[in-house]
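Subject: Structure for your review

Dear colleague,

Please find below the structure that I am handing over to you. I would be grateful if you read the notes beneath it with the structure open beside them.

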Amino acid sequence: MAAALALASRTRGRTTPNPNVGCVIVRDGRVVGRGWTHAGGRPHAEAMALAHAGADARGATAYVTLEPCAHVSARGPACADLLAAAGVARVVAALGDPDPRTDGEGFARLAAAGIAVETGVLAAEARRSMAGFLTRRALGRPHVTLKLALSLDGAVAMADGRSRWITGPEARAHTHLERSRHGAILVGRGTWEADRPRLDVRLPGLEDRAPLRVVLSRRTMPDVTTIAAPAAIATLPADHLFVEGGATTASAFLRADLVDRLLLYRAPILIGGGRTLPDLGLADLADAHARWTCTDRRQLGSDRLEVYERA
């Protein structure tokens with residue numbers, strides 16, 4: 001299942017409105033098929049893995065990060081039917097599919113075909129992998145990651161607003177990797193007008209990733225998509241949104257309780273008198289506790305990355 005999740009990460013942020021799914025088919029202890037949902041949502045992971053496995057799929061076990069779909073569309077057959085027709089003996093899934101067209105029907109169809117079904121394997125990791133799809137289904141909006149680059153004393157910029165560069169090249173490269181995993185990138189109007197950021201992906205081999213560029217502004221801006229308020233992210237055609245800056249925009253999303261994941265890049269520098277986040281609307285210090293859980297820490301050159309998710 002861990003291998004299937006790794007495959008699913010290849011197109012995270014690029015499969016909307018479909019989930020990014022991974023599939024590994026194993027027979028007699030040997031991997032005979034691999035697949036992942038491709039950009040745009042087709043082919044599905046199971047269809048790709050079955051094509052890879054061919055006749056070796058018969059009697060095999062399919063590990064899939066989400067319940068195989070049970071609905072036929074103009075773009076392809078139901079994956080539950082494909083697995084049954086291929087003669088797999090067992091399907092191990094991480095999560096059930098909340099799509100009402102499948103939602104348990106995929107598992108039922110497999111069981112009716114005599115296929116053993118097991119669920120819940122690495123479920124927490126799968127929820128993290130498909131956070132965009134699941135958040136859209138549950139809340140009607142994209143999954144939001146907020147990125148902040150901070151000095152040791154908590155400043156996001158110098159007093160005059162300059163923030164290039166707080167972090168070093170390794171941290172900035174990691175930011176581009178994160179951009180490649182999101183369908184849209186958002187900055188505030190002030191950042192857009194002051195810096196004219198390209199908001200693209202500049203990593204070798206990933207230059208073709210082109211997230212939607214979004215600016216938080218009440219005034220329509222040329223060459224980008226504009227939204228007037230954080231709540232308007234529900235209208236964006238992306239399930240993964242990467243919010244980059246600046247401090248006012250970060251505060252607006254935090255005040256609206258629309259941040260699901262935090263990326264904090266801490267640089268070993270002291271600024272003194274620099275800009276920090278504006279008021280977040282806390283009524284009491286106790287309200288700030290128990291909101292975030294740290295899920296990852298790593299060193300990136302001289303900088304330290306901390307990843308937090310909603311508790």
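The notes below cover the nonpolar cores, the pockets and the salt bridges. Please keep in mind that this is a predicted model.

Nonpolar cores

The largest nonpolar core comprises 35 residues. Ile-25, Leu-83, Val-88, Val-91, Leu-95, Leu-110 and Met-130 have the most contacts inside it. Helix H2, residues 45-53, contributes the most to this core, namely four residues. A second core of 24 residues lies apart from it, and includes Val-144, Leu-148, Leu-186 and Leu-262.

Val-91 is a useful residue to inspect. Beyond its neighbours within four places in sequence, Val-91 is in contact with residues including Ala-62, Pro-68, Leu-83, Leu-110 and Ile-115.

Pockets

The largest pocket has a volume of about 1200 Å³. It is lined by 42 residues, of which Ser-163, Thr-191, Asp-195, Gly-245 and Gly-246 are the closest to its centre. Helix H8 supplies the largest share of this lining, with five residues. By class, the lining of the largest pocket holds 16 nonpolar, 13 polar and 13 charged residues.

The second largest pocket encloses about 870 Å³ of space. Among its 27 lining residues, Arg-12, Arg-128, Ser-129, Arg-261 and Glu-309 are the closest to the centre. Here the largest share, five residues, comes from H5. The lining of the second largest pocket consists of nine nonpolar, six polar and 12 charged residues.

Salt bridges

The count of salt bridges comes to 24. Three of these pairs are described here.

Arg-261, named above for the second largest pocket, forms a salt bridge with Glu-178 at 3.1 Å, N to O. Since Arg-261 lies in strand S11 and Glu-178 in helix H7, the pair ties together parts that are 83 residues apart in sequence. Both Arg-261 and Glu-178 are buried.

Glu-244 and Lys-147 also meet in a salt bridge, at 3.9 Å, N to O. Glu-244 belongs to strand S10 and Lys-147 to strand S6, 97 residues apart. Glu-244 and Lys-147 are both buried.

In the third pair, Arg-27 meets Asp-56 at 3.7 Å, N to O. Arg-27 is in strand S1, whereas Asp-56 is in the loop between H2 and strand S3. Are these two residues buried, exposed or partly exposed? Arg-27 has a relative accessibility of 31%, so it counts as partly exposed. Asp-56 is likewise partly exposed, because its relative accessible area is 31%. Arg-27 and Asp-56 also belong to a network of salt bridges with Asp-28 and Arg-30.

Yours sincerely,
A colleague

Conventions. Residues numbered from 1 in each chain as written. Predicted model: local features only at pLDDT ≥ 70, side-chain atom pairs only at ≥ 80, totals over all residues. Heavy atoms only, no water. Core = buried A, V, L, I, M, F, W, Y, C linked by side-chain atoms within 4.5 Å. Buried < 20%, exposed > 50% of the residue type's maximum accessible area, 1.4 Å probe, protein only. Helix = DSSP H or I, 4+ residues; strand = E, 2+ residues; numbered from the N terminus. Contact = heavy atoms within 4.5 Å. 1 Å grid on protein atoms, 1.4 Å probe; cavity = no way out; pocket = protein on both sides within 12 Å on 5 of 7 lines; lining within 4 Å. Points joined across faces, edges and corners; volume = space filled by probe spheres on them. Nonpolar A, V, L, I, M, F, W, Y, C, P; charged D, E, K, R; others polar. Salt bridge = Lys/Arg side-chain N within 4 Å of Asp/Glu carboxyl O.
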